Amino acid sequence: MSKSSTTTAVERVDADRRYEILVDGQRAGLTAYRDLGGQRVFFHTEMDEAFAGQGLGPQLVQQALVDVRASGMRIIPVCPYVAKFLKRHDEFADITDPVTPDVLRWLKAQLG
């Protein structure tokens with residue numbers, strides 16, 4: 001199957017508090033978050049091995065962060081993948097907040 005016929009979509013799944021990237025309707029990866037007031041705390045990103053190396057990770061994170069901006073929220077990048085993405089993409093610097101010990105404590109309590 002040629003790449004040009006592949007459909008890729010990023011969706012926010014509020015019930016699961018994550019964004020998913022779908023390739024031809026199949027979930028290829030996700031980035032998970034919890035909301036702390038007006039801040040969206042990203043804490044975990046994963047890609048299915050079957051879809052590795054196709055540039056889907058950056059696409060997923062980019063569209064998730066665009067959605068955060070559109071929602072009027074701010075980003076806290078606890079997830080190392082999201083943090084690395086933000087270092088390379090300073091167009092989100094204006095809505096990115098630092099990861100603090102308080103945030104980490106809060107997140108740990110959220111995740112149990």
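Which residue forms a salt bridge with Arg40? In this predicted model, the partner of Arg40 is Asp67, and the closest N and O atoms of the two lie 3.9 Å apart. The pair links distant parts of the chain, since Arg40 belongs to strand 4 and Asp67 to helix 1, with their positions 27 residues apart. The two ends of this contact are not alike in their surroundings: Arg40 is buried, with a relative accessible area of 5%, whereas Asp67 is partly exposed, with a relative accessible area of 22%.

## The sheet

The sheet to which Arg40 contributes through strand 4 is an open one, built from 5 strands in the order 1-2-3-4-5 with mixed pairing. Strand 1 (8-13) and strand 5 (74-77) each have a single partner strand and stand at the edges, so one side of each is left without a neighbour in the sheet. On average, and with direction ignored, neighbouring strands of this sheet are turned by 30° against each other. Strand 4, which covers residues 39-47, runs parallel to strand 5 and is joined to strand 5 by 4 bridges; for Val41, the bridge partner in strand 5 is Ile76.

## Helices on the sheet

Helix 2 (residues 80-88) packs on the sheet, where helix 2 touches strand 3 (26-36), strand 4 and strand 5, and the direction of helix 2 makes about 120° with that of strand 5. Helix 3 (residues 101-111) lies across strand 3, strand 4 and strand 5, and runs at about 120° to strand 3.

Which residues of helix 2 are buried? They are Val82, Ala83, Phe85 and Leu86. Seen down the axis of helix 2, these buried residues fall within an arc of 160°, so they line one face of the helix. They pack against strand 3, strand 4, strand 5 and helix 1 (56-70). On the other side of helix 2, Pro80, Lys87 and Arg88 are exposed.

## Salt bridges

The structure holds 10 salt bridges, including the three set out below.

| Pair | Closest N to O distance | Citation |
|---|---|---|
| Arg40 and Asp67 | 3.9 Å | |
| Arg74 and Asp97 | 2.7 Å | |
| Asp102 and Arg105 | 2.4 Å | |

The salt bridge between the side chains of Arg74 and Asp97 also links distant parts of the chain, with Arg74 in strand 5 and Asp97, 23 residues apart from Arg74, in the loop between helix 2 and helix 3. Here Arg74 is partly exposed, with a relative accessible area of 30%, while Asp97 has a relative accessibility of 14% and counts as buried. In the case of Asp102 and Arg105, the residues are 3 apart in helix 3 and are therefore separated by about one helical turn, and both of them are exposed.

Beyond its pairing with Asp67, Arg40 also takes part in a network of salt bridges that links Arg12, Asp14, Asp35, Arg40 and Asp67.

## Arg18 and two loop residues

Is Arg18, which lies in strand 2 (residues 18-23), buried or exposed? Arg18 is buried, with a relative accessible area of 18%, a value that falls under the 20% cut-off for burial. The side chain of Arg18 makes a polar contact with the side chain of Glu20, at 2.8 Å. When residues up to four places away in sequence are not counted, Arg18 touches Glu11, Arg12, Val13, Arg27, Leu30, Thr31, Ala32 and Tyr33. One of these neighbours, Arg12, is also a member of the salt-bridge network described above.

Most residues other than glycine have a negative phi. Arg17, however, has a positive phi of about 50° although it is not a glycine. Arg17 is placed in the loop between strand 1 and strand 2, and with 37% relative accessibility Arg17 counts as partly exposed. Asp24, also a residue other than glycine, has a positive phi near 50°; Asp24 is found in the loop between strand 2 and strand 3, and at 39% relative accessibility Asp24 counts as partly exposed.

Key. Residues are numbered from 1 along each chain as its sequence is written. This is a predicted model: local features need pLDDT of at least 70, side-chain atom pairs count only at pLDDT 80 or more; totals for chains, interfaces and linings use all residues. Side-chain values use heavy atoms; hydrogens and water are left out. Two strands pair if DSSP finds at least two bridges between them. Helices (H or I, at least four residues) and strands (E, at least two) are DSSP runs, numbered from the N terminus. Axes are lines fitted to C-alpha atoms, for helices over the stretch in contact, and angles run from 0 to 180 degrees between N-to-C directions. Contact means heavy atoms within 4.5 Å. Buried means under 20% relative accessible area, exposed over 50%, partly exposed in between (1.4 Å probe, protein chains only). The arc is that of the directions from the helix axis to the C-beta atoms. A polar contact is a pair of N or O atoms within 3.5 Å; within protein, one must be able to donate a hydrogen and the other to accept it, and residues adjacent in sequence count only if both atoms are side-chain atoms. A salt bridge is a side-chain nitrogen of Lys or Arg within 4 Å of a carboxyl oxygen of Asp or Glu.
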